[in-house]
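Trainee: I am new to this structure and would be grateful for a close look at a single part of it. Please take me through that part in one connected account.

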Amino acid sequence: MDETGRHASDFLDRDGVLAMQRRKLAALGRRLGADPAWRAHFTKAGMAPEDLADPANLQHAPTLEKADLRAQYPYPFLTVPLPEVARFCATSGTTGLPVLFGYTAQDMTELVPRQLGRIFRTVGIRPGDPVYQGYGYGMWIGGVAMDSALMAYGATNFGIGPGRGELVVEWLRDHGYVACTMSPLWLMTLTRLAQEKGIDPKRDWKLRIGVFGGQSVSRQFRDEIEAAMPDGFVAHNIYGTTEAGGPVVGISCPHSHDSDEMHLINEDSILTEIVDPLTMKPVGPGEVGEIVVTTLDKQASPVVRWRTRDLVRLSDHPHDCPCGRHGLPLIGRIIGRSDDMLKVRGVMVFPSQVEDIIAATPGTVKEAWHIYVDRKEGDLDGLTVAVERQAGCELSADLIADRVVSGIHARLGIRCKVECREEGVLPRYEAKAVRVHVRSQASVA
């Protein structure tokens, strides 16, 4: 820390961050050069890992895709002997076989806590704060990483994970948690459970900070969460992936929160490119691109140019945040995935666009919606959106459905069917939500 009590590494200027990236990228290249699998991977682009000694060569290095990882089953690109792996975590595996990623003891007890510690400082979590840790456990990295980091940081961790909602709403009142980490959809579900039990989150809970990941939500949904919590509560977006080492890539700060932006908060250990998904060329300020990550410090299972498929808008002024973290660029919230983009009768549609429309429609339940797409001879032919009507809402289900139909047509230029059900009918998710369901014509005929 410097004389003001701030961690100086959090406030490196951009030149300082780039210099650190250059040193670490060269060291990573030397390390990967000793690994046959990585050497063969670089050969596909006519390169050797050692070429990363020149940072300009990174843009020519081969990208890493899920198919590359699955081709190395069961331990893809593992760069340490198996006995040196302290733990494995896995991707969500929503499609295909989950991919395993190793963590050495240093990865899990030093690197991840250092990366998440910076995130805790950024959002204002203090050592000693009681924290409700609501991310999932098992093979998923979210809860495991948070547990390790909260312990190292000195916070008081209540590692409950998702679920047990009937109990958690009382513990939030009785234990006095001031911070929470979880899916935003789960907090909204907890809010409704609390109200059903006569507990008022705004009055009875002590939460002041939320760190929310697992899925991106609309700004309006975020504002609704904040309005239901105690005065002064701030809902921070967090971003990360298993491949990048955990929920450690992006976080909003008190200044960027209002503009719905996040810092690429660990650029000194996770080199991030924002590129056009078709040309793989860097995008400029204000433009939309795909996040591509290279892990600089991770010992086991590092990645080089991992294509996340997550699309974001680079800030108009990525290095000018008033918080002073000028070396850590700003990006917007996740817009969608390049491989989740839907083309419905010639119109490109992102699920996040539909969510924004639903969130802006009075009377809808913000955490409960689904998209059903009909496939006809390989093309997406029709769109059906399922929403819920809030209990006690004076608007009819038909009127709510008509307003969503009108909103989708006005914003996206397509006509679709909207089904409005009563609250509680559609599935809820404790972690990552599955929103898009593709149906064949045979199944809907």
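Mentor: Two residues are in contact when heavy atoms of theirs lie within 4.5 Å. With that term in hand, and bearing in mind that this is a predicted model, let us look closely at the sheet and the helix that lies across part of it.

The sheet is an open one of eight strands, in the order β4-β3-β5-β6-β7-β8-β9-β13, and its pairing is mixed. At the edges stand β4 (156-158) and β13 (330-332); each has a single partner strand, so one side of each is left without a neighbour in the sheet. From one strand to the next, the twist averages 35°.

Consider next β7, which comprises residues 234-241. In the order of the sheet, β7 stands between β6 and β8, and its two pairings illustrate the mixed character of the whole. With β6 (209-212), β7 pairs in the parallel sense over four bridges. Within this pairing, Gly-210 stands opposite Ala-235 in β7. With β8 (residues 246-251), by contrast, β7 runs antiparallel, and three bridges join the two strands. Here Tyr-239 is placed opposite Gly-250 in β8. The strands β7 and β8 form a hairpin with four residues between them. In the turn of this hairpin, Gly-245 has a positive phi of about 110°.

How many of the eight residues of β7 are buried? Six of them are, and the strand is thus described as mostly covered.

The helix to examine with these strands is α4, which spans residues 105-123. This helix lies across β6, β7 and β8, and its direction makes an angle of about 40° with β8.

Within α4, one residue deserves particular attention, namely Gln-115. Is Gln-115 buried or exposed? Its relative accessible area is 3%; because a residue counts as buried under 20%, Gln-115 is classed as buried. If its neighbours within four places in sequence are left aside, Gln-115 is in contact with Val-248, Asn-266, Ser-269 and Ile-270. One of these partners, Val-248, belongs to the stretch 246-251 that makes up β8, one of the strands that α4 lies across.

To draw the account together: β7 pairs with β6 in the parallel sense and with β8 in the antiparallel sense, while α4 lies across these three strands and contributes the buried residue Gln-115.

How values were computed: Residues are numbered from 1 along each chain as its sequence is written. This is a predicted model: local features need pLDDT of at least 70, side-chain atom pairs count only at pLDDT 80 or more; totals for chains, interfaces and linings use all residues. Side-chain values use heavy atoms; hydrogens and water are left out. Buried means under 20% relative accessible area, exposed over 50%, partly exposed in between (1.4 Å probe, protein chains only). Two strands pair if DSSP finds at least two bridges between them. Axes are lines fitted to C-alpha atoms, for helices over the stretch in contact, and angles run from 0 to 180 degrees between N-to-C directions.
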